[in-house]
Amino acid sequence: MFTRDIEIERLKAEYLSLRSAQDSILENMNVTAVTLIQMQESIARLQEDVSAIQSALDAILDHFDIPPKPPMGFRTDNDD
C-alpha cells in the first residue's frame, strides 16, 4: 500500500512536469505566431512605402526628362 502511494505521487509529479513543459512549448509557439504575424504586417507596410517612393521617384525622373538607368548585372551576347 505504501509503495503504491509513492508510485502514484511519482506519476503525478511526472504528469505535472510534462504538462508544464507542454504548456511552455505552446506558449512559445503562440508568441512566435504573433511575432510572425506582426512581421508580415510590417513587411506589407514597407512594401507599400517602397512602392510609393518608387512612384514619386519615377514622377521626378519624368518631370526632369531623365532617362532610366540601364539594368544592372552582367551583359550577355543576347543583350544586343
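## Salt bridges and one long span: a Q&A

Q: With which residue does Asp23 form a salt bridge?
A: This is a predicted model, in which local features need pLDDT of at least 70, side-chain atom pairs count only at pLDDT 80 or more, and totals for chains, interfaces and linings use all residues. Residues are numbered from 1 along each chain as its sequence is written, while side-chain values use heavy atoms and leave out hydrogens and water. A salt bridge is a side-chain nitrogen of Lys or Arg within 4 Å of a carboxyl oxygen of Asp or Glu. With its closest N and O atoms 4.0 Å apart, the salt bridge of Asp23 is formed with Arg19.

Q: How many residues apart in helix H1 are Asp23 and Arg19?
A: Helices (H or I, at least four residues) and strands (E, at least two) are DSSP runs, numbered from the N terminus. Both Asp23 and Arg19 lie in helix H1, about one turn of the helix from each other, and their spacing is four residues.

Q: Which relative accessible areas do Asp23 and Arg19 have?
A: Buried means under 20% relative accessible area, exposed over 50%, and partly exposed in between, with a 1.4 Å probe and protein chains only. Both ends of this pair are therefore partly exposed: Asp23 has 41%, and Arg19 has 42%.

Q: Which residue meets Lys12 in a salt bridge?
A: Lys12 and its partner are three residues apart in helix H1 (residues 2-63), so about one helical turn separates them. Lys12 is partly exposed at a relative accessible area of 45%, and its partner is partly exposed too, at 49%. The side chains come to 3.5 Å, N to O, and the partner of Lys12 is Glu9.

Q: Is Arg10 exposed or buried, and what is its relative accessible area?
A: Arg10 forms a salt bridge with Glu14, with 3.2 Å between the closest N and O atoms. The two are four residues apart in helix H1, which means a separation of about one helical turn. Glu14 counts as partly exposed at 41% relative accessibility. Arg10, by contrast, is exposed, with a relative accessible area of 54%.

Q: To what count of salt bridges does the rule come?
A: The pairs include Lys12 with Glu9 and Arg10 with Glu14. Asp23 with Arg19 is another of them. By the rule, the count of salt bridges is four.

Q: How far does H1 reach from its first C-alpha to its last?
A: The expected span of a helix is 1.5 Å times one less than its number of residues. For the 62 residues of H1 that gives 92 Å, and the model comes close to it, at 91 Å.

Q: What is the radius of gyration of the chain?
A: The chain has one helix and zero strands. The radius of gyration is taken over C-alpha atoms, and the globule rule is 2.2 Å times the number of residues to the power 0.38. That rule gives 12 Å for 80 residues, and the chain is well over it, so it is more spread out than a compact globule, with a radius of gyration of 30 Å.

Q: What percentage of the chain's 80 residues count as buried?
A: Along its principal axes, the C-alpha trace spans about 95 × 35 × 10 Å. Of the 80 residues, the buried share is 0%.

Q: Which residues form a nonpolar patch on the surface?
A: Patches are made of residues with over 30% relative accessible area and no salt bridge, joining like charges within 9 Å and nonpolar side chains (Val, Leu, Ile, Met, Phe, Trp, Tyr) within 5 Å. Accessible areas come from the Shrake-Rupley method with a 1.4 Å probe, and for residues only the protein chains shown count as cover. One member lies in helix H1, namely Met29. Together the patch has about 310 Å² of accessible area, and its residues are Ile25, Leu26 and Met29.

Q: What is the phi of Asp65 near?
A: Asp65 is found in the segment after H1, and is exposed at a relative accessible area of 66%. Most residues other than glycine have a negative phi. Asp65 has a positive one, near 50°.

Q: What separates the C-alpha atoms of Ser51 and Arg4?
A: Ser51 has its place in helix H1 and is partly exposed, at 42%. Ser51 and Arg4 are 47 residues apart along the chain, and their C-alpha atoms are separated by 70 Å.
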